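Got your viewer open? Here is a tour with a list of stops, each one something to select and look at.

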Amino acid sequence: MNRCDALRKALPDAYIVVHRPENIRWLTGYTGEGCVFVSPKRQVIITDFRYIEAASRQSPQCEIERTQAERTEANVLKALCDSERVEKLYVETDYLTFDAVTGLSKVLQGVSLLPLNQAPQTLRLIKDSSEVESMKKAAAISCQALSNILDRIRPGLTEKQVQIMLDYEMLSLGSEGNAFDTIAASGPNGSLPHAVPSDYVIQKGELLTLDFGATVDGYCADMTRTLAIGKVSDDLSTLYHRVLKAQTMALDALGPGKVCGDIDKIARDYLDGYYPGAFGHSLGHGVGLFIHEQPRLAKGSATVLQPGNVVTVEPGVYIPGLGGCRIEDMTIITEDGYIDPVTFPKELIEL
Ligand SMILES: [Mn+2]
């Protein structure tokens with residue numbers, strides 16, 4: 001893996017140090033701790049003893065510099081900057097702590113530190129075919145995991161027990177780990193968009209929202225399904241079908257060249273007509289090596305979707321006291337539309 005040339009093309013003749021783990025992985029394939037120094041002619045992973053062998057296996061195209069107690073990361077960067085006569089160094093000021101940046105500037109006397117301004121993230125907006133393959137696999141595992149536990153979900157289980165079943169299935173099916181902490185929210189907890197699974201016992205007649213995702217090659221899947229535990233009230237059934245309609249309308253409008261804010265507005269206007277203010281978050285977000293990336297399908301966003309973007313479409317309605325519902329697919333924008341690798345059915349399933 002070597003995408004350092006893409007970064008060099010974006011920032012010609014620049015000297016850059018990258019610390020954000022997803023950016024390091026995207027640029028070099030290396031998944032350990034440390035940072036990577038990128039100059040016009042070399043790329044150097046700076047890490048400690050624990051990761052030296054892993055770095056050389058994962059990133060044979062990189063030089064590796066080992067830190068030690070008396071040879072800190074900043075010292076190594078100083079030596080690299082001196083050897084290449086660096087005057088300006090781009091750093092991830094949006095990721096490093098204030099202390100880290102001030103510490104670095106003290107050691108790197110005479111080198112001006114400049115904000116990298118998310119240049120790697122901008123490149124990561126467009127997924128290449130290998131990234132898309134990984135994301136499709138992660139979505140397939142997520143869907144299969146839910147299918148596998150479906151006939152075991154029943155009243156009397158706690159939210160936590162359902163969470164554990166889902167996580168176990170995803171790992172068994174080949175997920176490297178969860179893309180984020182699985183959400184299982186039933187009944188009144190469904191009105192909390194990011195509910196933490198609890199010991200709450202799932203009851204008959206409730207909606208159960210499951211939001212989860214596997215990871216493959218570091219790439220995240222993100223999907224949500226809301227299930228009915230037995231027969232639910234007409235109010236809840238209507239709520240479910242309106243959320244589904246909002247998602248269908250947004251998906252029908254999705255594609256390259258579309259404005260993110262316009263897609264959000266389609267779902268938002270529809271749901272606000274029935275449940276004013278109850279859809280309080282954005283319609284969707286980018287996904288990749290990190291669970292929440294750009295672009296965002298958000299109110300007022302003028303960003304235009306491009307082939308290779310991966311975005312979720314996840315309208316939800318949250319009503320304290322009644323509960324909530326969210327339905328989420330992760331979509332890959334293509335030249336002529338989009339691919340939806342989240343194939344798990346969306347008609348209301350009564351368990
Ligand atoms: Mn999501």
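Before the first stop, one term: two strands pair if DSSP finds at least two bridges between them. Helices (H or I, at least four residues) and strands (E, at least two) are DSSP runs, numbered from the N terminus. Residues are numbered from 1 along each chain as its sequence is written. You are looking at a predicted model, where local features need pLDDT of at least 70 and side-chain atom pairs count only at pLDDT 80 or more, while totals for chains, interfaces and linings use all residues.

**Stop 1: three strands side by side**

Select strand E8 (residues 207–212) and E11; they pair in the antiparallel sense over six bridges. Find Leu 208 and look across to E11: Leu 227 stands opposite. Further along, Asp 211 faces Thr 224 of E11.

Now add strand E7 (residues 183–186), which pairs with E8 in the antiparallel sense over four bridges. Ala 184 has Leu 210 in E8 as its bridge partner.

Next, see how covered these strands are. A residue is buried if 20 or more other C-beta atoms lie within 10 Å of its own, exposed if 12 or fewer, and partly exposed in between, with C-beta atoms placed from the backbone. In a regular strand the side chains alternate between the two faces of the sheet. Show the side chains of E8: Leu 207, Thr 209 and Asp 211 point one way, Leu 208, Leu 210 and Phe 212 the other way, and all are buried. Do the same for E11, where Met 223, Arg 225 and Leu 227 go one way and Thr 224, Thr 226 and Ala 228 the other, again all buried. With six of its six residues buried, strand E11 (residues 223–228) is therefore largely enclosed by the rest of the structure.

**Stop 2: a hairpin**

Move to strand E15 (residues 316–319) and E16, which run antiparallel and are joined by four bridges. Tyr 318 sits opposite Gly 324 in E16. Three residues lie between the strands of this hairpin, and Gly 321 takes a positive phi near 95°. In strand E16 (residues 323–326), Gly 323 and Cys 325 on one side and Gly 324 and Arg 326 on the other are all buried.

**Stop 3: a helix to measure up**

Select helix H7 (residues 129–149). How far apart are its end C-alpha atoms? They are 31 Å apart; the expected span (1.5 Å times one less than the number of residues) is 30 Å for these 21 residues, which agrees. Colour its buried residues, among them Glu 131, Lys 137, Ala 138, Ile 141 and Leu 146.

**Stop 4: the core**

A nonpolar core here is a set of buried Ala, Val, Leu, Ile, Met, Phe, Trp, Tyr and Cys residues joined through C-beta atoms within 7 Å. The largest one has 88 residues, of which Val 36, Ala 138 and Ala 221 touch the most other members. H7 gives the most to this core, with seven residues. Domain 1 (4–124) and domain 2 (129–339) both contribute, so the core lies between them. In soluble globular proteins, nonpolar side chains tend to be buried together.

Centre on Val 36: leaving out residues up to four places away in sequence, Val 36 touches Val 18, Ile 24, Leu 27, Thr 28, Gln 43, Val 44, Ile 45 and Cys 62.

**Stop 5: where the domains meet**

Colour by domain (bounds come from an automatic or database domain assignment). The C-alpha centres of domain 1 and domain 2 are 35 Å apart. Five residues of domain 1 are in contact (C-beta atoms, placed from the backbone, within 7 Å) with six residues of domain 2. On the domain 1 side, helix H2 (21–28) and helix H6 (119–124) each supply at least two residues, and H2 gives the most, with three.

**Stop 6: backbone oddities**

Most residues other than glycine have a negative phi, and most peptide bonds are trans. Asp 13 has a positive phi of about 60° and lies in the loop between helix H1 (4–10) and strand E1 (16–18). Why does Asp 13 count as exposed? Because Asp 13 has 8 C-beta neighbours inside 10 Å.

Jump to Arg 85, in the loop between helix H4 (73–83) and strand E5 (88–91), where phi is near 50°. Last, zoom in on Gln 294 and Pro 295: a cis peptide bond joins them, with omega about -5°. Pro 295 is in strand E13 (residues 293–297).

Technical notes: Contact = placed C-beta atoms within 7 Å.
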